[in-house]
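Subject: Structure for you to look through

Hello,

I am handing over the structure we talked about, and I would be glad if you could open it and read my notes beside it. Please take your time with each part and check it on the screen as you go.

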Amino acid sequence: MPVRVVLLGPPGAGKGTQAAKIKEKRDVAHISTGDILRDNVEKGTEIGLAAKSFMDSGRLVPDDVIIGMIRVRLSCDDATEGGFILDGFPRTTAQAEALDRLLDELSLHLDAALLLEISDDEVVRRLSNRRVCQSCGAIYNLVARQTKEEGACDACGGRVVQRDDDKEAVIRNRLMVYRERTSPLIAYYERKGLLFRVDGAKSGNAAMLLLESIGVM
Ligand code: AMP
């Protein structure tokens, strides 16, 4: 049975980590708009050039760019047939409405929107200690999950670095943007009866356990 979920929550709530855990168990498409954008920035594509300044300052990339990107990715066979976890999308009401229209066109429906709840202080603490592998995207933490060899990814040996937008001033801005633009989606999915809350301070597989408990996986 395909799993089709949206992961909501502030930056640093653990959406990427929880998505990776679900993917370990079920072979669904893990679609992270942040990862797709960073890949485009690295390759210097048109999307990357348009997105970079927004990302560096913690602002949202314009909806039309994001919605176009998701339309392409979500229409791929792995996502339509095997299911998907949307990580970092939707982030605005316009994006959520566009997602609904796209799913209608594909004759698909969402199973759940999981909200990872976490305090602002914990977000700042986590993100300022977060490090990511430049090659495979694996996530580490200077306190809670160190690499075996300093600066090298345990999984692929790639370089492990701090994201530019994980610096404290940018983190505060991302939190403000989340509150203003993304948090209205909590009510949006609540109205549809799809919202489930997960304690983001808990272990990395809390989202998977919740999906199991509601019979989605
Ligand atoms: P993330 O890795 O999800 O924290 O995303 C990093 C940055 O990419 C965000 O701070 C935004 O600038 C941009 N971004 C990612 N996803 C979206 C989205 N759905 N809408 C707008 N901007 C996004």
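What follows is a short account of what was found, beginning with a helix and its cover, moving on to the ligand, and ending with some details of the loops. Please keep in mind throughout that this is a predicted model.

**The helix α1**

Helix α1 covers residues 15–25, and within this helix K15, G16, Q18, A19 and I22 are buried. When you look down the axis of α1, these buried residues fall within an arc of 165°, and therefore they line one face of the helix. Which elements cover the buried residues of α1? The cover includes the strands β1 (3–8), β2 (29–32), β3 (83–87), β4 (112–117) and β6 (139–141), together with the helix α10 (206–213).

One of those buried residues, Q18, also helps to show how distant parts of the chain come together: S203 is 185 residues away from Q18 along the chain, yet their C-alpha atoms are separated by 8.8 Å. S203 itself sits in the loop between β8 (195–199) and α10, and this serine is partly exposed, with a relative accessible area of 44%.

**The ligand and its shell**

The ligand is surrounded by 16 residues, and the closest of them are T33, R38, R59, G88 and Q95. Sorted by class, this shell has six nonpolar, four polar and six charged residues, and helix α2 (residues 33–43) gives the most to the shell, with four residues.

Three polar contacts are worth finding on the screen. An N or O atom in the side chain of R38 is 3.0 Å from an oxygen atom of the ligand, whereas R59 uses a polar backbone atom, which is 2.6 Å from an oxygen atom of the ligand. At G88 it is a backbone N or O atom that lies 2.9 Å from a nitrogen atom of the ligand. Taken alone, the ligand exposes 480 Å², and the protein buries 95% of that.

**Two residues of helix α2**

T33 lies in helix α2 and, at 3% relative accessibility, counts as buried. Leaving aside residues up to four places away in sequence, T33 touches I66, M69, I70, D87, G88, F89 and R91.

N40 is also placed in helix α2; with a relative accessible area of 13%, N40 is buried, because the cut-off for that word is under 20%. A polar atom of the N40 side chain lies 2.8 Å from the backbone oxygen of I36, and the side chains of N40 and T45 are joined by a polar contact of 2.7 Å. If residues up to four places away in sequence are again not counted, N40 touches T45, I47 and G48.

**Two details of the backbone**

Most residues other than glycine have a negative phi, and most peptide bonds are trans. With that in mind, please look at F89 and P90, which are joined by a cis peptide bond with an omega of about -5°; P90 has its place in the loop between β3 and α6 (93–105). Please look as well at S107, a residue other than glycine whose phi has a positive value, near 55°. S107 lies in the loop between α6 and β4. Is S107 buried or exposed? At 65% relative accessibility, S107 counts as exposed.

With best wishes

Methods:
Residues are numbered from 1 along each chain as its sequence is written. This is a predicted model: local features need pLDDT of at least 70, side-chain atom pairs count only at pLDDT 80 or more; totals for chains, interfaces and linings use all residues. Side-chain values use heavy atoms; hydrogens and water are left out. Buried means under 20% relative accessible area, exposed over 50%, partly exposed in between (1.4 Å probe, protein chains only). Helices (H or I, at least four residues) and strands (E, at least two) are DSSP runs, numbered from the N terminus. The arc is that of the directions from the helix axis to the C-beta atoms. Contact means heavy atoms within 4.5 Å. A residue is near a molecule or strand if one of its heavy atoms lies within 4 Å of it. A polar contact is a pair of N or O atoms within 3.5 Å; within protein, one must be able to donate a hydrogen and the other to accept it, and residues adjacent in sequence count only if both atoms are side-chain atoms. Accessible areas come from the Shrake-Rupley method with a 1.4 Å probe; for residues, only the protein chains shown count as cover. Ala, Val, Leu, Ile, Met, Phe, Trp, Tyr, Cys and Pro count as nonpolar, Asp, Glu, Lys and Arg as charged, and the others, Gly among them, as polar.
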